[in-house]
Amino acid sequence: MCLLCLLVAGCRSQPSVDIRVAPEVEPQPPRVGRATITLRVTTASGALVNDAHIKLEGNMSHSGMAPVFADAAEVEPGRYRANMELTMAGDWVVIVHLTLRDGAKVDRQFEIKGVAPA
């Protein structure tokens, strides 16, 4: 019964639309230190996704490193911006945790390759 409840609860948190996240990272090429990450969030049909709550989780591509977190703020319809501290050189995986206006939750991810030393 508990497993059934968890399954039903998990199904409710999936959005009914396909969400796309297009990231831009500055500076280019990326380097250790503060990075500005701008996200364009849309549906599969291209409609802008407004009023979402977005938290970024940055992880090194190899194990053993603590993740870094940043909150993204909506700077214009469908565009969100966050400052993330890239603490080490190498490749990063950034997980985008989105909570949509209707409460649905979805995760997307992208990579930041070749972060250079400061």
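Author: Two strands pair if DSSP finds at least two bridges between them. The structure shown is a predicted model, in which local features need pLDDT of at least 70, side-chain atom pairs count only at pLDDT 80 or more, and totals for chains, interfaces and linings use all residues. Residues are numbered from 1 along each chain as its sequence is written, and side-chain values use heavy atoms, leaving out hydrogens and water.

Reader: Which pattern does the protein follow when read along the sequence?

Author: Helices (H or I, at least four residues) and strands (E, at least two) are DSSP runs, numbered from the N terminus. The secondary structure comes to one helix and seven strands. Read along the sequence, these elements follow the pattern α-β-β-β-β-β-β-β.

Reader: In what order do the seven strands form the open sheet?

Author: The pairing in this open sheet is antiparallel. Between β1 and β2, a hairpin makes the connection through six residues. The seven strands stand in the order β1-β2-β5-β4-β3-β6-β7.

Reader: Which strands stand at the edges, each with a single partner strand?

Author: The open sheet has the order β1-β2-β5-β4-β3-β6-β7. Each edge strand has a single partner, so one side of it is left without a neighbour in the sheet. The strands at the edges are β1 and β7 (105–115).

Reader: Over how many bridges do β2 and β5 pair?

Author: Strand β5 covers residues 79–86 and pairs with β2 in the antiparallel sense. Within this pairing, Arg40 has Arg79 of β5 as its bridge partner. The number of bridges between β2 and β5 is eight.

Reader: Which residue in β2 is the bridge partner of Val21?

Author: Strand β1 (residues 19–26) pairs with β2 in the antiparallel sense over eight bridges. Ile19 stands opposite Thr43 in β2. For Val21, the bridge partner in β2 is Val41.

Reader: How many of the 11 residues of β2 are buried?

Author: A residue is buried under 20% relative accessible area, exposed over 50%, and partly exposed in between (1.4 Å probe, protein chains only). Of the 118 residues of the protein, 35% count as buried. Strand β2 is largely enclosed by the rest of the structure, because its buried residues number eight.

Reader: Is Thr38 buried or exposed?

Author: Thr38 has its place in strand β2. Among the residues it touches (heavy atoms within 4.5 Å), not counting those up to four places away in sequence, are Ala22, Glu24 and Tyr80. With a relative accessible area of 7%, Thr38 is buried.

Reader: The side chain of which residue makes a polar contact with the side chain of Ser45?

Author: A polar contact is a pair of N or O atoms within 3.5 Å; within protein, one must be able to donate a hydrogen and the other to accept it, and residues adjacent in sequence count only if both atoms are side-chain atoms. Ser45 lies in the loop between β2 (33–43) and β3 (53–60), and its 70% relative accessibility makes it exposed. At 3.0 Å, its side-chain partner is Thr43.

Reader: What distance separates the C-alpha atoms of Ser45 and Ile19?

Author: Along the chain, Ser45 and Ile19 are 26 residues apart. Ile19 stands opposite Thr43, and the side chain of Thr43 is in polar contact with that of Ser45. The C-alpha separation of Ser45 and Ile19 is 9.3 Å.
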